[in-house]
Amino acid sequence: MKSLFLSLALSVASISASQTQTETHTRGNYTLTFVNQDPQLNPTVKQKLIDAFFQTYPAEAKRFNKNTVEAVTVTIDTAYAGVAYAHDGKITISSQWLHKRPTDIDVITHEGMHLVQAYPPDSGPGWLTEGIADYVRHTFGVDNAGANWSLPALTDKHHYDNSYRITARFLVWAEKNTNKKLVNELDARMRKKTYTPEVWKELTGKTLEELWQAYKANPAI
């Protein structure tokens, strides 16, 4: 019986491997290896992801980190039940998510920025890491409107450390109203591991709490 189970497991693994398609694309200095485990993935969605990567990743690298990795692997994972994650030159996107939200092409814009960030461990707060990545999605995204994705209007329940889109909107406002290089500076200091809470006062003239109160008083962007 044990050998039968082993044989079945190997057969399933073999079928899964045979359904995986790998292709490599190079445009300019950047190479994308696209690994698709999902034979049911819409070819249009796949092509849009590839095109979005080459449109946004070089732009992210140019603005924030010219030394970012130039060879990136994107895997459409049939087993992953989340949305997406990125680390060490690799982006993983859930095929389940793409079937559910096929217009969410700019998930690759957000995850690509995580590769560009390349922050070392304990470099700063996680809410700022994700806030910067969504700031970049807002700034460089190819079709946020098509995905029904936008920065949310401020509410009384929001706080700067809520992360993602809430933090991103705050960053957009702070950059517009205080320092046009604010996000670049925050990103650089996180990567160099020189971020401290005092950096907000240095870069904007206000503490983080003072800046948040000013944002709440006049949150238009």
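## Working through a mixed sheet

**Exercise 1.** In this predicted model, work out how β1 and β2 are joined.

*Solution.* Start with the bridges: seven of them link β1 to β2, the strand at residues 30-36. Next, check direction: the two strands run antiparallel. For one concrete pair, take His25, whose bridge partner in β2 is Leu32.

**Exercise 2.** Lay out the sheet and find which strands stand at its edges.

*Solution.* First, put the five strands in order: β1-β2-β3-β5-β4, an open sheet with mixed pairing. Now look at the ends: β1 (21-27) and β4 (84-87) each have a single partner strand, so one side of each lacks a neighbour in the sheet. As for twist, neighbouring strands are turned by 15° against each other on average, ignoring direction.

**Exercise 3.** Which strands does helix α2 lie across?

*Solution.* Find α2 at residues 43-64. The helix lies across β1, β2, β3 (71-77) and β5 (90-94). Then compare directions: α2 runs at about 145° to β2.

**Exercise 4.** Place the sheet within the whole chain.

*Solution.* Count elements: the chain has nine helices and five strands. Then read along the sequence, which gives α-β-β-α-β-β-β-α-α-α-α-α-α-α. Finally, look at burial: 45% of the 221 residues are buried.

**Exercise 5.** Decide where pLDDT calls for caution.

*Solution.* Begin with the average, a pLDDT of 93, with 92% of the residues scoring at least 70. Then turn to residues 1-15: pLDDT stays under 50 there, and the model has zero contacts for them beyond four places in sequence. Where pLDDT is low, don't read the predicted coordinates in detail.

Terms used. Residues are numbered from 1 along each chain as its sequence is written. This is a predicted model: local features need pLDDT of at least 70, side-chain atom pairs count only at pLDDT 80 or more; totals for chains, interfaces and linings use all residues. Side-chain values use heavy atoms; hydrogens and water are left out. pLDDT is the predictor's confidence in each residue, from 0 to 100. Contact means heavy atoms within 4.5 Å. Two strands pair if DSSP finds at least two bridges between them. Helices (H or I, at least four residues) and strands (E, at least two) are DSSP runs, numbered from the N terminus. Axes are lines fitted to C-alpha atoms, for helices over the stretch in contact, and angles run from 0 to 180 degrees between N-to-C directions. Buried means under 20% relative accessible area, exposed over 50%, partly exposed in between (1.4 Å probe, protein chains only).
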